Number of protein chains: 2
Amino acid sequence: MTSLEQVRQLSKIDQIQIAGLIFGSEQRAKEVKQFLADCEKIPEVQTNADFYNWSRKKQFLSKDKQGFSFMKMINNQVDDMEQYTGPMIYSATTNHYGVYLAMVVPALKILGTQEQINAWLDDLIQIRKAACYAQTELGHGSDIQSLQTTATYDKGTQEFVINTPTIQAAKFWPGDLGILANWALVFAQLIVDGTNYGVQSFMVQIRDEQTHKPLKGIEVGDIGPKMGYQVKDNGFLKFDNVRIPKFNMLAKYISISPQGKVMKEGDPKISYASMMMMRKLLNTVYPKAAAISLTIALRYSYTRQQFTNDKGVENSVIEYQTQQHKLLPLLANLFAVVLSGNVTSKFVDLNFTEVQKGNFSHMNACHSLLCGTKANYTHFVVNCAEWCRLSCGGHGYAHYSGLPSIYQEHSPNVTLEGENQIMFLQLARYLLKLLKTSQKNPEKIPEQFSLFKRINEILSFKCDQFQTSNILSLLESSVIHLITQTGMKMMQEIQGGMNPKAAWDYKLGTSLWESANYFIEYYKFVCFQNTILLVTHKQTQVVLTNLLNLFGVTILLQNPLALLENDVITQQTMKQLRDEYENLLNLIKPEALSLVESFCLADGGLRTTIGRADGKPYEYTYDWAVNENSLNKIDFSNTVNQLKNCRPKL
Amino acid sequence: MTSLEQVRQLSKIDQIQIAGLIFGSEQRAKEVKQFLADCEKIPEVQTNADFYNWSRKKQFLSKDKQGFSFMKMINNQVDDMEQYTGPMIYSATTNHYGVYLAMVVPALKILGTQEQINAWLDDLIQIRKAACYAQTELGHGSDIQSLQTTATYDKGTQEFVINTPTIQAAKFWPGDLGILANWALVFAQLIVDGTNYGVQSFMVQIRDEQTHKPLKGIEVGDIGPKMGYQVKDNGFLKFDNVRIPKFNMLAKYISISPQGKVMKEGDPKISYASMMMMRKLLNTVYPKAAAISLTIALRYSYTRQQFTNDKGVENSVIEYQTQQHKLLPLLANLFAVVLSGNVTSKFVDLNFTEVQKGNFSHMNACHSLLCGTKANYTHFVVNCAEWCRLSCGGHGYAHYSGLPSIYQEHSPNVTLEGENQIMFLQLARYLLKLLKTSQKNPEKIPEQFSLFKRINEILSFKCDQFQTSNILSLLESSVIHLITQTGMKMMQEIQGGMNPKAAWDYKLGTSLWESANYFIEYYKFVCFQNTILLVTHKQTQVVLTNLLNLFGVTILLQNPLALLENDVITQQTMKQLRDEYENLLNLIKPEALSLVESFCLADGGLRTTIGRADGKPYEYTYDWAVNENSLNKIDFSNTVNQLKNCRPKL
């Protein structure tokens with residue numbers, strides 16, 4: 001019996017219940033588990049162990065079959081995002097056409113009229129018109145309002161003229177654009193009769209549907225290699241006065257008469273509905289990749305033995321406090337992220353159902369929560385991959401560990417679909433607004449932000465004696481103290497004569513950022529806590545509660561300043577918090593493996609030698625090095641001899 | 001005039017004086033600057049813009065010429081580490097034979113007898129015997145004492161038998177081993193007559209010097225692709241009872257008579273002298289790579305404009321507090337790292353000079369300082385690359401920014417030559433020892449640790465009113481409070497019946513880690529402060545003092561708990577610290593560009609489009625994408641058509 005098997009047998013939790021929480025329902029958990037198990041048997045969806053020795057060309061071409069196998073496995077339901085979980089967890093790398101199916105298809109459905117949907121949806125889903133989401137430009141990303149591409153309406157021909165006026169205005173970064181796309185959903189400033197009507201979206205053909213050559217007036221290609229995303233053809237795109245029919249502007253919330261009269265309706269944020277859908281995907285599907293990192297790192301930590309203990313026997317590295325300190329808070333955070341992501345996801349769906357009915361009342365709360373969680377979660381996934389890598393010593397740096405690819409493929413998420421810092425600032429802006437609302441119209445505060453209804457009560461809270469039942473109050477207290485302090489600082493600067501915008505940009509940035517992030521940590525705790533109430537299996541509930549508390553205590557210990565500075569806690573409480581932290585590490589350690597294995601990840605999808613289900617890190621690692629590494633099949637002896645002969649001439 | 005030129009013209013500092021501090025002397029600074037300028041004209045040493053599209057084979061082969069050009073440029077002084085600065089800064093990626101020249105050559109010089117040096121040194125430097133440093137095994141890295149490779153002495157033949165008894169004992173990771181080396185300096189347990197004499201080093205031939213085929217009993221190859229180090233052939237190596245002459249054990253500090261009598265002399269730490277030399281390299285040459293990241297990120301931050309300010313004009317992103325918060329503390333830390341690294345480097349040289357004379361009295365202090373600075377500095381370089389990348393938004397993720405390669409090539413440094421956490425624990429062990437020494441023999445405390453002579457004075461320090469002149473005292477106070485608390489906790493656990501080793505492993509890990517890291521931050525501050533005293537140019541001294549204070553205040557704000565919990569500072573002091581932080585950001589901002597440009601980095605060595613000396617990020621980026629990216633020269637139309645045709649069959 002391997003040591004992993006021993007650890008599993010001592011676990012007392014009900015993994016199926018936990019998997020149900022993770023994937024939304026036990027039924028859905030079974031489907032995902034089955035999907036991953038099915039993948040193990042399909043050669044086309046495996047990532048070759050030699051993949052990272054290959055050129056980008058070879059890597060790119062190798063992905064074709066994988067993408068289509070996945071589509072087949074999900075019965076071609078490419079417009080159902082729920083289906084993306086399995087492929088994303090299994091492949092780690094991004095897939096061909098992934099961006100356009102996840103962004104352009106929802107954009108058309110939300111922003112297009114029924115006539116437009118009828119005209120393009122089927123072609124889009126059938127990949128006849130493969131349309132990339134062409135928003136970001138070389139010079140502007142998060143600042144969407146300042147995009148420079150223009151779409152000028154020509155009344156005479158009833159066409160739009162799409163143009164790239166400067167080099168900064170070139171579209172840059174859209175996924176699937178560099179090589180694959182033949183259409184683009186282009187975001188451009190709508191100009192009618194010299195008046196700018198803001199950024200709108202336009203369906204533009206960019207390559208011939210038969211020859212795949214760029215059309216006249218189009219310059220297009222791949223932007224070059226990146227830290228990861230080797231198989232993603234992020235592209236550039238320049239327009240030299242390209243004409244498209246009036247019909248091609250997505251027109252559900254904006255329309256233009258033949259004579260050039262523009263009519264808008266609804267919340268302008270709806271234009272970025274696709275980004276909201278993409279953020280939903282980032283918030284629900286992608287964080288599960290952190291379970292890949294933790295499955296690998298935890299399994300390795302049980303099997304890796306280094307240094308002898310006080311009895312002269314080698315310890316598994318998981319026994320060391322430093323290793324627990326690296327990994328177990330990440331495990332707790334993983335659950336906080338995934339469970340709160342599921343809650344947010346439902347809220348996003350509700351919002352879009354209401355928007356379809358013309359009710360935009362949830363839009364602000366939903367947008368703000370998505371911004372904040374997107375920034376927090378995407379940072380978490382990358383940070384988790386990094387610490388898991390570090391916890392595996394040297395082996396973590398090798399691709400055979402499976403960890404570098406998680407880091408490399410998830411790193412872009414912290415900047416794409418809204419750069420994280422800007423995302424936090426958007427949430428912070430909303431939180432400051434709520435501070436005002438709490439004084440004038442507390443009844444208008446949305447449920448997710450209800451702590452703003454109890455500001456005075458929260459500000460007067462003190463905690464002389466720490467108990468785990470205080471964690472929520474301490475988190476609330478931190479959030480409210482931080483936000484009110486930031487609000488007061490804003491007031492002071494304005495009273496001191498500073499323009500509000502200048503105060504925001506030059507004086508408050510870091511406080512706003514910190515406040516927004518702390519709010520999200522609090523929000524995660526609340527969602528996690530509420531989810532545990534659904535668990536019926538007693539011992540599972542106990543373990544998850546310990547995990548929740550570990551998450552809360554970790555957050556408090558990482559950011560206790562607001563509590564200390566406002567005398568909410570004493571030095572004594574701080575000491576108790578630290579003791580409780582150590583206590584919780586000890587409580588979670590025996591269940592850590594079973595907790596992370598509730599994500600049901602399969603060996604092939606982990607692409608690892610050091611974190612496989614049966615352990616044996618050294619056997620697999622040596623085997624891959626000897627048998628799977630193509631570099632060892634090349635004869636370098638001539639090169640080496642040339643090197644040696646070259647030397648004496650120096 | 002570009003905006004970068006405007007910023008430069010407003011600077012009041014003397015860059016040549018600063019460069020002198022950075023590189024050790026103004027003369028040396030001029031040499032490095034000249035070296036980097038020379039590199040710009042030599043095609044062989046440029047990294048091709050298309051490099052990261054290539055297969056590892058092609059990448060590996062492309063490095064040959066670069067390595068040899070560098071050797072030629074440094075006049076073949078490959079055993080003078082001082083010479084590595086230029087090539088390292090310019091190439092970013094590791095170079096062929098770099099590991100063996102930096103590790104095996106010093107090992108031979110320090111551990112070998114004169115006879116052994118005569119036998120091998122010339123062949124090593126001439127790359128006739130290219131010997132890798134074969135220490136790490138699959139199963140053991142930092143825990144060197146537990147290595148499993150054996151070297152058993154055979155009296156009959158006066159040979160050692162080198163053997164790999166288990167798969168865990170296979171050598172794994174040595175650089176230059178996978179493809180290039182024909183010899184190895186192997187670290188193995190010396191067994192004589194059944195007695196283990198600990199880990200010793202042995203020169204072992206592994207490949208034929210003519211055919212380059214592995215010799216009998218040797219299994220050797222490349223371990224596979226990694227997160228970075230694409231051109232480094234980290235290798236594996238297994239021995240099946242390979243015989244080598246008795247002469248081949250490096251024997252300056254250990255020798256064996258023909259009959260098998262073993263004699264040792266000196267401090268056993270001397271066996272790892274090469275690792276100390278490598279750590280010196282990591283501590284002096286490698287941190288300068290953080291200047292690459294910061295040069296790119298700062299230049300980009302001045303040229304990138306995003307969002308309009310209160311006057312309706314687009315701001316350079318450096319104007320935002322959040323951007324300053326990301327970059328300026330890193331700039332301050334860069335100077336603290338580089339200037340303290342220079343001080344440490346001199347101490348290492350002194351130690352080795354003394355060791356040659358048989359004086360091992362500096363060994364412990366030197367070893368501990370090197371461990372702690374290695375862990376702190378290598379983490380800094382990676383963290384700096386990461387935040388510079390994030391500060392450049394999406395562009396930071398692309399290789400054309402130049403930032404991913406810094407991250408990828410420096411990531412291994414946090415685990416190689418001693419995993420960082422283990423390194424901190426080694427320093428912590430020494431600090432706890434000094435705590436005892438301070439009570440019994442304070443006169444024995446080395447100069448670098450002299451704050452241990454003033455423990456009581458430091459513990460009684462309070463600061464009600466913050467001034468920048470208090471920073472040093474506050475740092476000292478944090479260090480001493482943390483270490484004494486950790487010492488007390490250790491005592492309590494032992495008094496509670498715990499074995500000291502168990503307390504260390506299971507109860508104290510995180511406190512020890514934190515204490516050691518804080519000591520290094522304090523040490524960096526002291527070295528930085530002392531270095532500023534050498535500056536004669538008045539305004540330069542003012543700016544560097546602000547930079548020093550920014551470094552100190554950042555450290556205090558990141559870790560104020562020991563101060564708050566021990567009532568060293570009040571809430572009022574905390575507020576003053578924060579105000580001072582904002583004040584210092586404003587003071588440094590106008591000089592940030594000139595400060596980082598004191599590192600004299602050349603465009604070719606930055607390998608960037610977004611951070612070049614003349615600005616123009618969009619022009620270069622678009623140009624590279626269109627003209628340098630080989631993917632755009634491939635016709636993918638057949639592939640795309642296949643994909644489209646494949647689709648309807650699903």
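## A pair of antiparallel helices

H17(A) and H18(A) run roughly antiparallel to each other, a label given here to angles over 145 degrees (under 35 counts as roughly parallel, 65 to 115 as roughly perpendicular and the rest as oblique). Helix H17 covers residues 509-532 of chain A and helix H18 covers residues 538-558 of chain A; the two pack at an angle of about 170°, with their axes 10 Å apart. The axes are lines fitted to C-alpha atoms, for helices over the stretch in contact, and angles run from 0 to 180 degrees between N-to-C directions. Helices (H or I, at least four residues) and strands (E, at least two) are DSSP runs, numbered from the N terminus.

From H17(A), the residues in the contact include A:Tyr518, A:Phe525, A:Phe528 and A:Ile532, and from H18(A) they include A:Leu544, A:Leu548, A:Phe551 and A:Ile555. Contact means heavy atoms within 4.5 Å. Sorted by class, this contact has 10 nonpolar, 4 polar and 2 charged residues. Ala, Val, Leu, Ile, Met, Phe, Trp, Tyr, Cys and Pro count as nonpolar, Asp, Glu, Lys and Arg as charged, and the others, Gly among them, as polar.

## What you are looking at

This is a predicted model, in which local features need pLDDT of at least 70, side-chain atom pairs count only at pLDDT 80 or more, and totals for chains, interfaces and linings use all residues. Residues are numbered from 1 along each chain as its sequence is written, chains are lettered from A and ligands numbered from 1 in the order in which they are written, and side-chain values use heavy atoms, with hydrogens and water left out.

## A perpendicular crossing

Helix H10 (residues 321-356) of chain A packs against helix H20 (residues 571-588) of chain A at an angle of about 80°, with their axes 10 Å apart. That makes H10(A) roughly perpendicular to H20(A). On the H10(A) side, A:Gln321, A:His325 and A:Leu328 are among the residues involved, and on the H20(A) side A:Tyr581, A:Glu582 and A:Leu585 are among them. The contact of H10(A) with H20(A) has 6 nonpolar, 4 polar and 1 charged residues.

## How the two chains meet

A turn of 180° and a shift of 0.0 Å along the axis lay chain A on chain B with an RMSD of 0.0 Å; the copies are superposed by least squares on the C-alpha atoms of residues with pLDDT of at least 70 in both. That is the relation of a two-fold axis. In chain A, the C-alpha nearest the axis belongs to A:Ser55, 1.9 Å from it.

At the interface, 134 residues of chain A are in contact with 134 residues of chain B. The copies meet through the same surface, because 100% of the interface residues of chain A are also interface residues in chain B. About 11,700 Å² is buried between chain A and chain B, with carbon and sulfur atoms giving 60%; buried area is the accessible area (1.4 Å probe) that two parts lose on being put together, summed over both.

## Salt bridges

A salt bridge is a side-chain nitrogen of Lys or Arg within 4 Å of a carboxyl oxygen of Asp or Glu. The whole structure has 62 salt bridges over all chains, and 6 are found across the interface of chain A and chain B. A:Glu582, met above in the contact of H10(A) with H20(A), pairs with B:Lys489 in a salt bridge (2.6 Å, N to O).

Within chain A, A:Lys171 forms a salt bridge with A:Glu137, the closest N and O atoms being 3.0 Å apart. This pair links distant parts of the chain, 34 residues apart: A:Lys171 is in strand E4 (residues 171-172), and A:Glu137 is in the loop between strand E1 (131-134) and strand E2 (150-154).
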